[in-house]
Amino acid sequence: MSSATLFKIAAIPGDGIGVDITEAAKQVLDKLAEVNGTFRFEYTTFDWSSKAYKARGWYMQDDWEAQLKTHDAIYFGAVGWPDVPDHISLWQMILPIRQVMNQYVNVRPTRILRGTTPPLAQLQKTPQDLDWIIIRENSEGEYAGQGGTTHGHTANAIATEVAIFTRVGIERITRFAFETAKSRPRKKLTMVTKSNAQRHGMVLWDKVFFEVAKEYDGVVEYDKMLVDAMTVRMVDHPESMDCIVATNLHADILSDLAAALAGSIGIAPSSNLDPTRSCPSMFEPIHGSAPDIAGKGIANPVGAFWSAAEMVRWLGKGELDAVADQFMEAIENVTGKPDTRTRDMGGSANTMQVTEAVCREIENVC
Ligand code: ATP
Ligand code: MG
């Protein structure tokens, strides 16, 4: 259909299974577009990977910012390979993209998809008890990249890692979290810090959070947790939470725990959002490049598909929410059947078989 809205996607497959699952995601997105008919995708694929870095000495071209900005969204697979230290791959590519593209929000929805077996017996009985959105501050905090090393090669090595917290940064993530909580049926928000031990940045975080919270009194129910106690609550009382907002580091850790509680790291999605929409937002599964299974064609593509569904939701600006919901329904129809689950979900299907099954379900559901 020639009148279909065109979405230009910058695809960065990256390393390891990132390549397989990005290919799989493109296939299901194209199927969704074909079945729906009101939109279509055009991809530019960027060969920005650790393998390329080893061969040529750089991850991204100097004009990467301008190149990415000609797209409506970025779809990212995974970066990292054992022969390049992780802090290099992260700081050569993914962290600069998040910072320069103003993606100050990282959204990580977690729930137990049909067919997954969560490790906790209690959640196996009542999977609906785990239904969270983790909202991670994505631009500053502990991953601000500030610090230094002195006497690095001696027995007296000293290193500092400085976390940066700004009022502006805390306020905008808090507001986003409250707005997200307000849009959900349960309207609850839990804020996580470590303000008993870290008495500057974390105390500022608490202060700004409670200032913003006043605007939502009577609309959103909110509470505060210390991050250590939060890990216990996530395991013992998952039903007591709805939306969770935390710093860059804390939310990174909590969302891995959340993914594991929901049954597999291969399922979990994430969105790096610029809420102002002045730059393209970026969508990626939370798992890494999984060198142990790379090249075998057995990676679970569900986290990549869920991330793609969130990309559709974002691109649609409210107009494609129903399509994204149907896309999720198609995914869960596939995870719900034992013969179309990958190994990490207790099945024996490969990436391609799951992808083809989701494409068939899209034809049925969407
Ligand atoms: P990163 O540093 O990039 O976060 P990581 O070291 O945390 O990566 P992953 O690459 O996410 O690790 O892999 C962790 C484990 O989970 C590995 O055993 C890997 O095989 C498994 N895993 C990750 N993603 C998937 C997937 N999509 N399907 C199946 N197994 C996966
Ligand atoms: Mg990891």
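## A tour from strand β11 to ligand 1

Begin by selecting Asn 272, which counts as buried because 24 C-beta neighbours lie inside 10 Å (buried means 20 or more other C-beta atoms within 10 Å of a residue's own, exposed 12 or fewer, and partly exposed in between, with C-beta atoms placed from the backbone). The model is predicted, so local features need pLDDT of at least 70 and side-chain atom pairs count only at pLDDT 80 or more, while totals for chains, interfaces and linings use all residues. Residues are numbered from 1 along each chain as its sequence is written, and chains are lettered from A and ligands numbered from 1 in the order in which they are written.

Asn 272 sits in strand β11; helices (H or I, at least four residues) and strands (E, at least two) are DSSP runs numbered from the N terminus. Leaving aside neighbours within four places in sequence, Asn 272 is in contact with Arg 98, Gln 103, Asn 106, Asn 138, Ser 281 and Met 282, contact being C-beta atoms, placed from the backbone, within 7 Å.

Arg 98 leads to helix α4 (residues 86-100), so select that next: Arg 98 is one of its buried residues, together with Ser 89, Met 93, Ile 94 and Ile 97, and these pack against α2 (50-56), β11 (269-273) and β12 (281-285). Looking along α4, find the kink of about 40° at Gln 92, shortly before the proline Pro 96; the bend is the angle between axes fitted to the seven residues ending at a residue and the seven starting there. After α4 comes Asn 102, which has a positive phi, near 55°.

Move now to helix α8 (residues 227-236), where Val 227, Met 230 and Met 234 are buried. Seen down the axis of α8, the buried residues fall within an arc of 40°, so they line one face of the helix, the arc being that of the directions from the helix axis to the C-beta atoms. Their cover includes β8 (188-193), β9 (221-226) and α9 (248-261), whereas Asp 228, Ala 229, Val 232 and Asp 236 are exposed on the other side of α8.

Thr 117 is the next selection, in the loop between β4 (105-111) and α5 (121-125). Thr 117 is partly exposed, because 13 other C-beta atoms lie within 10 Å.

Finish at ligand 1, which has 16 residues around it, with Gly 266, His 287, Gly 288, Ala 290 and Asn 300 coming nearest (near means a C-beta atom, placed from the backbone, within 6 Å).

Terms used:
Two residues are in contact if their C-beta atoms, placed from the backbone, lie within 7 Å.
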